[in-house]
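Hi,

Here is the structure we talked about. Please open it alongside this message; my notes follow below.

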Amino acid sequence: MPETLPEYEELAARVLPAAVRDFVAGGSGSETTLRSNRTALDSVTLVPRVLSGVEVADTSAWLMGGVAAMPVVVAPMAYQRLLHPEGELLLATAAAEAQIPYVISTLSSYPLEKIAGAAPSWFQLYWLRDRAMIESLVDRAEAAGCGALMLTVDVPVMGRRLRDVRNSFALPADVVAANLVEAQSEAHVGVPGLSAVAAHTASAFEPAVSWRDLEWLKQRTGLPLLVKGILDPRDALRAVEIGADGIVVSNHGGRQLDGAVASINALPGVVDAVGKECSVLLDSGIRSGTDVLRALALGASAVLVGRPLLWALAVDACGPALELLRRELADAMLLAGCADLAAAAGLATGRA
């Protein structure tokens, strides 16, 4: 059994086709931001407190109106049946057993209703060209009992993911965007030297999404609304003024603008700007319980975890991976002298 989350990638590499591995692992452009996420997290140092008298660390967190066993959310990730036949259903069930939120992707390979029926979930929305489809997805998410809505705002177009281009990556026929109307799409048509998935998003996503659209969405839904993909404090302030209940500081795991600031480096500025007004979550690069503690120490209320859980999904080990992350966080908190998350948020931090 792996002793660290990154080891799941090594196990998954033994069972996945090379093109699928690249689809999950890759970033955009020269993958500068992909690498900087990890480098920046490693540079955050923690100053532990001693003689705290703490025997058991309380990792529980209050997230969007509910209690979670730890300040971790399963990030929205597309087409999880590429990794395992049960895809989203398996990972969502593991999240429910771990007592943490699972975020259903617009591009999930099972219908959102089926996933929400398997586990308490939030729904992630991409802004589509078809406004009627957006309304339908919001209505379906509400009817399915999703606890929050998460709008991803950093994909007006898909970043140029060169691994997919070199692999001429296309979806197999049995993996579809199950929430959308078409069963088959450009995403299934392989063209030499092109990414079929990028071609599909180019036709389906609205590149000119704006603040007016966020205002409309806030008025359209009664669900708590998080905005994912914010790095600039000014954008965070604007989102909160419109009514966002949460901000997800994210560079899309290094898959959008190559050269964008590492998410952990952008976090303090966003927290300073809006941290008293709404929840601030961190996404991109989290690989351990210590990384979770680093994010909490810099002001995040929770983190989103993505790729490591896909690698675990590929080897049918979602539950063990989440339990490993919880144990790592609890150990890190004890070593830092933190009885609970409030104490973690008060840790002094520095840069290595």
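Two cavities of 30 Å³ or more turn up in this structure, which is a predicted model. The largest has a volume of about 520 Å³. Its lining is made up of 34 residues. Closest to the centre are Pro76, Met77, Ala78, His252 and Arg255.

Several elements help to line the largest cavity. Among those that each supply at least two residues are helix H2 (18-25) and helix H8. Strand E11 (302-305) and helix H13 (307-314) each do so as well.

Next, Thr33. This residue sits in helix H3, which runs over residues 32-43. Its relative accessibility is 1%, so Thr33 counts as buried; the cut-off for buried is under 20%.

What does Thr33 touch, once neighbours within four places in sequence are left aside? The contacts are Asn251, Gly254, Leu257, Asp258, Gly259, Ala260 and Val261.

Arg255 comes up again here. Thr33 and Arg255 are 222 residues apart in sequence. In space, their C-alpha atoms are 8.0 Å apart. Arg255 is also one of the residues closest to the centre of the largest cavity.

Last, the surface. Val189, Val191 and Leu194 form a nonpolar patch there. Together they have about 240 Å² of accessible area. Val189 belongs to the loop between helix H7 (162-167) and helix H8 (196-204). Helix H8 is also one of the elements that line the largest cavity.

Best wishes

Conventions. Residues are numbered from 1 along each chain as its sequence is written. This is a predicted model: local features need pLDDT of at least 70, side-chain atom pairs count only at pLDDT 80 or more; totals for chains, interfaces and linings use all residues. Side-chain values use heavy atoms; hydrogens and water are left out. Patches are made of residues with over 30% relative accessible area and no salt bridge: like charges are joined within 9 Å, nonpolar side chains (Val, Leu, Ile, Met, Phe, Trp, Tyr) within 5 Å. Accessible areas come from the Shrake-Rupley method with a 1.4 Å probe; for residues, only the protein chains shown count as cover. A salt bridge is a side-chain nitrogen of Lys or Arg within 4 Å of a carboxyl oxygen of Asp or Glu. Helices (H or I, at least four residues) and strands (E, at least two) are DSSP runs, numbered from the N terminus. Buried means under 20% relative accessible area, exposed over 50%, partly exposed in between (1.4 Å probe, protein chains only). Contact means heavy atoms within 4.5 Å. On a 1 Å grid over the protein atoms alone, a cavity is a set of points where a 1.4 Å probe fits but cannot get out, and a pocket is an open set with protein on both sides within 12 Å along at least five of seven lines; lining residues have an atom within 4 Å of a point. Grid points are joined across faces, edges and corners, and a volume is the space filled by probe spheres set on the points.
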